[in-house]
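Student: Please take me closely through one part of this structure, the strand pairing. Then set that part in the chain as a whole.

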Amino acid sequence: MEKVPMTAAGFNRLQEELKHLKITERPAVIKAIAEAREHGDLSENAEYHAARERQSFIEGRVLELEDKISRAEVIDPAKLSGDTVKFGATVTLADQDTDEETTYQIVGQDESDIKLRLLSIQAPLARALINKSVGDSVEVSTPGGSKLYEIVSVEFR
């Protein structure tokens, strides 16, 4: 069984979503199905079909979350150290064309958010950075062409 790396914050978000689905969403959709059944003919009952579709989505998401939570490997970046990029690292990069610096934290796939500078471990840039050190250059293929970055700093917060 393959472990799913994530930070404690990402793990907590998954648990909260699972709890919300089980405690709030699941009972609400069961009630909606029951109400739709009372309207009679199910073959032409749009509310019934919509509620069943919603129930299918909720049950699928519950199974997905339970699987990820059971395989979670929670990693606390604050307990890590070193100057090599690995999961949980906060990496500052300098674009070698523009000298513009950008900082990303490498996190689990389910907690990534590029607007918050949380980069998925599965992202091409993160994969290129893994096991590199301060001063190393990495080349990443982007939709706009190849980009070259230099690692300015590696921190574990």
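Tutor: What follows starts with the sheet and works outward to the rest of the chain.

This is a predicted model, in which local features need pLDDT of at least 70, side-chain atom pairs count only at pLDDT 80 or more, and totals for chains, interfaces and linings use all residues. Residues are numbered from 1 along each chain as its sequence is written, and side-chain values use heavy atoms, with hydrogens and water left out.

Start with the sheet. Five strands build it, in the order β5-β4-β3-β7-β6. Strands here are DSSP runs of E with at least two residues; helices are runs of H or I with at least four; both are numbered from the N terminus. The sheet is open and its pairing is mixed. Two strands count as paired if DSSP finds at least two bridges between them. The edges belong to β5 (118-120) and β6. Each has a single partner strand, so one side of each lacks a neighbour in the sheet. On average, neighbouring strands are turned by 45 degrees against each other, direction ignored. Angles run from 0 to 180 degrees between N-to-C directions, with axes fitted to C-alpha atoms (for helices, over the stretch in contact).

Now take the pairs. β6 covers residues 137-142 and β7 covers 145-155; they pair in the antiparallel sense over six bridges. Two residues lie between them, and the two strands form a hairpin. For one bridge, find Glu139: its partner in β7 is Leu148.

Next come β3 (residues 90-95) and β4 (residues 101-107). They are also paired in the antiparallel sense, over five bridges. Here Val91 stands opposite Tyr104 in β4.

The loops deserve a look too. Asp99 lies in the loop between β3 and β4. Its phi is near 60 degrees, a positive value in a residue other than glycine. Asp99 counts as exposed because its relative accessibility is 63%. The cut-offs for relative accessible area are under 20% for buried and over 50% for exposed, with partly exposed in between (1.4 Å probe, protein chains only). Arg117 lies in the loop between β4 and β5. Arg117 is not a glycine, yet its phi is positive, about 65 degrees. With a relative accessible area of 39%, Arg117 is partly exposed.

Now the surroundings. The chain holds three helices and seven strands. They run β-α-α-β-β-β-β-α-β-β from the N terminus. Helix α1 (residues 8-37) and helix α2 (residues 46-70) have axes that come within 9 Å and cross at roughly 155 degrees. That makes the two helices roughly antiparallel (over 145 degrees; under 35 is roughly parallel, 65 to 115 roughly perpendicular, the rest oblique). Their contact involves 15 nonpolar, two polar and 12 charged residues. Thr24 sits in α1. From Thr24 to Ala123, the C-alpha atoms are 33 Å apart, with 99 residues of separation in sequence.

Finally, the overall shape. The C-alpha atoms fill a box of roughly 70 × 35 × 25 Å along the principal axes. The radius of gyration is 22 Å, whereas a compact globule of 157 residues would have one near 15 Å. That radius is taken over C-alpha atoms, and the globule rule is 2.2 Å times the number of residues to the power 0.38. Of the 157 residues, 36% are buried.

Notes: Nonpolar A, V, L, I, M, F, W, Y, C, P; charged D, E, K, R; others polar.
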